[in-house]
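Grab your viewer and work through the exercises below. Try each task before reading its solution.

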Amino acid sequence: MSGEATGAMLSTPVYAPEVSILASGRRLLVVQDAGVEEAARLHGQLSADGQAVELIALRGEAPWAGGQRGCGSTDLLEVRLLTLLSSAPVGTRLYVCGDETFAWRIYRLARNSGLLAEEIELVKAGSQRELYCVHCATMQTIGRETETTCCHCGVQLLVREHFSRRLGAYMGVCINPDQPYAENKA
Amino acid sequence: MNGLLDVRVAAVRQLTPLVREFTLEAEHGALPGFSAGSHVVVHMPAPGRTLRNAYSLLGDPAEAQRYRIAVRLQEDSRGGSRFMHEQVNEGDRLQLSPPANLFGLHSEARHHLLIAGGIGITPFLAQIAELERRGASFALHYACRGGLTDAYRGELAGRLGARFAAYDASAGERLDLAALLRSQPLATHVYVCGPQRLIDGVRSVAASLGWPQGRVHWEAFAAAAPGEPFVAELAASGRRLEVPADLSLLEALEQADVAVPSLCRGGVCGQCATRYSSGAVEHRDSFLAEAERAWQLMPCVSRGCAGSTLVLDL
């Protein structure tokens with residue numbers, strides 16, 4: 001069975017090549033890996049006008065930000081971000097750089113803290129992303145592949161471009177209606 | 001008839017020399033419930049024509065047996081507010097459109113910043129009743145003129161304490177919008193109701209401080225401004241209507257018994273958008289996109305131009 005690549009949909013995230021930067025307001029930058037080129041470039045854009053950028057990194061080292069190091073764990077990163085957001089005024093913008101698994105996790109946390117979608121900008125770096133099996137509701141991490149097998153129910157899945165912002169995941173649906181179960185079950 | 005509510009004026013209170021409050025009860029049956037921020041359009045049987053003005057319901061939405069509205073006498077009244085002030089007494093009968101809400105509270109807000117200017121206080125009276133019931137976080141800032149347009153000020157100060165601030169322009173007090181909007185916590189939504197100048201001020205200061213449009217909610221309290229007289233023609237029947245300077249196109253259509261659905265009567269909701277096929281238009285709404293204006297107009301505020309016949313698809 002070959003899965004045809006599905007076309008982009010309205011729900012498919014589009015990552016703008018350039019972030020938009022407001023003249024005023026507080027700037028928070030959350031990066032998954034301070035060592036990647038995208039993170040350095042984004043920090044450069046955000047600090048080009050001399051305004052302060054508050055940085056939180058998960059891993060890596062940021063020579064472009066005084067050698068700041070990653071905090072090492074996602075839990076710790078989220079606590080730091082929540083602390084910053086709890087004292088941030090309206091007008092704050094959040095910039096996130098990382099793969100889609102990371103970026104959308106941070107996105108959901110920020111939305112739950114009261115930021116609107118238009119106050120968050122995501123810059124994609126890396127190809128890891130989340131897939132949600134619509135048959136057994138299991139989430140698994142995948143890469144660029146357009147078909148895979150559900151790690152829980154074993155159904156062969158087509159990776160649709162339909163994306164849930166609430167779950168931060170693409171939807172995986174049974175690729176073969178004649179075999180809506182795992183192969184080895186027969 | 002035609003979906004209007006028949007009401008009786010149960011009480012009239014003069015709150016300030018410029019502001020009168022009316023309590024309205026159903027003539028028969030019960031009044032429909034309403035949500036905080038709703039308005040009704042009052043149909044006033046003035047001699048020679050029916051006047052229609054939109055007023056916010058200011059009572060507690062939990063007590064919908066009676067509606068309360070407050071009317072500020074406009075110096076340049078086109079008749080509506082003067083009629084309410086001079087002609088309407090206890091026991092009189094009026095007709096209302098059912099309540100509609102174009103100024104509701106945002107469900108995702110965790111702090112509600114309410115900014116009222118003068119008679120723009122009215123929708124917030126219903127909203128603070130709702131917010132207090134929900135135990136929600138809010139603050140009300142009231143720009144007014146002491147003794148003239150400061151209705152409910154004393155009552156609000158006592159009821160809300162530190163959550164209330166009034167700025168009396170006649171005492172030289174000013175609401176500093178930049179200072180207020182600069183320090184609001186995330187998840188705040190701001191709501192403004194009052195004169196156009198205040199609404200424009202809040203919107204522009206908010207934008208300059210990085211507030212996205214989704215956090216800024218506003219309701220204009222202005223009736224259609226007068227303009228030049230012009231002629232409108234109805235394409236279906238060929239009828240020609242002379243629209244005088246002090247009447248909006250919507251009002252002229254209503255007087256001619258041409259039904260056009262409307263809600264806000266202030267150029268914001270889009271309900272009355274009407275197609276036209278030719279004629280020069282002075283667009284005054286805040287709803288239609290530039291491209292839509294080539295073939296649609298909002299007759300509640302927009303007008304044809306003098307010397308050109310506006311042909312409507314009606």
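**Exercise 1. Find the strand that pairs with the start of chain B's strand E1.**

Start at Val7(B): its bridge partner in E2(B) is Ala26(B). Now widen the view: E1(B) and strand E2 (residues 19-26) of chain B run antiparallel, joined by eight bridges. Strands here are DSSP runs of E with at least two residues, helices are runs of H or I with at least four, and both are numbered from the N terminus; two strands count as paired if DSSP finds at least two bridges between them. Next, look at the turn: E1(B) and E2(B) make a hairpin, with two residues between them. Finally, check E6: strand E1 (residues 5-16) of chain B is also antiparallel to strand E6 (residues 93-96) of chain B, through four bridges, and there Arg8(B) has Arg93(B) as its bridge partner.

A quick word on ground rules. This is a predicted model, so local features need pLDDT of at least 70 and side-chain atom pairs pLDDT 80 or more, while totals for chains, interfaces and linings use all residues. Residues are numbered from 1 along each chain as its sequence is written, chains are lettered from A and ligands numbered from 1 in the order written, and side-chain values use heavy atoms, leaving out hydrogens and water.

**Exercise 2. Work out the strand order of the five-stranded open sheet in chain B.**

Begin with the pair E13 and E19: strand E13 (residues 230-234) and strand E19 (residues 309-312) of chain B run parallel, with four bridges. One spot to check is Leu234(B), which sits opposite Leu312(B) in E19(B). Then read across: the order is E14-E13-E19-E15-E17 (chain B), and the pairing is mixed. The edges are strand E14 (240-243) and strand E17 (296-297) of chain B, each pairing on one side only.

**Exercise 3. Which residues have the most contacts inside the largest nonpolar core?**

A nonpolar core is a set of buried Ala, Val, Leu, Ile, Met, Phe, Trp, Tyr and Cys residues joined through side-chain atoms within 4.5 Å; buried means under 20% relative accessible area (1.4 Å probe, protein chains only). This core has 33 residues, and those with the most contacts include Val30(A), Leu81(A) and Ile106(A). Helix H3 (residues 100-112) of chain A gives the largest share, seven residues.

**Exercise 4. How many salt bridges link chain B and chain A?**

Use the cut-off: a side-chain nitrogen of Lys or Arg within 4 Å of a carboxyl oxygen of Asp or Glu. The count is two. Arg111(A) and Glu108(B) form a salt bridge at 3.7 Å, N to O.

Key: Buried < 20%, exposed > 50% of the residue type's maximum accessible area, 1.4 Å probe, protein only.
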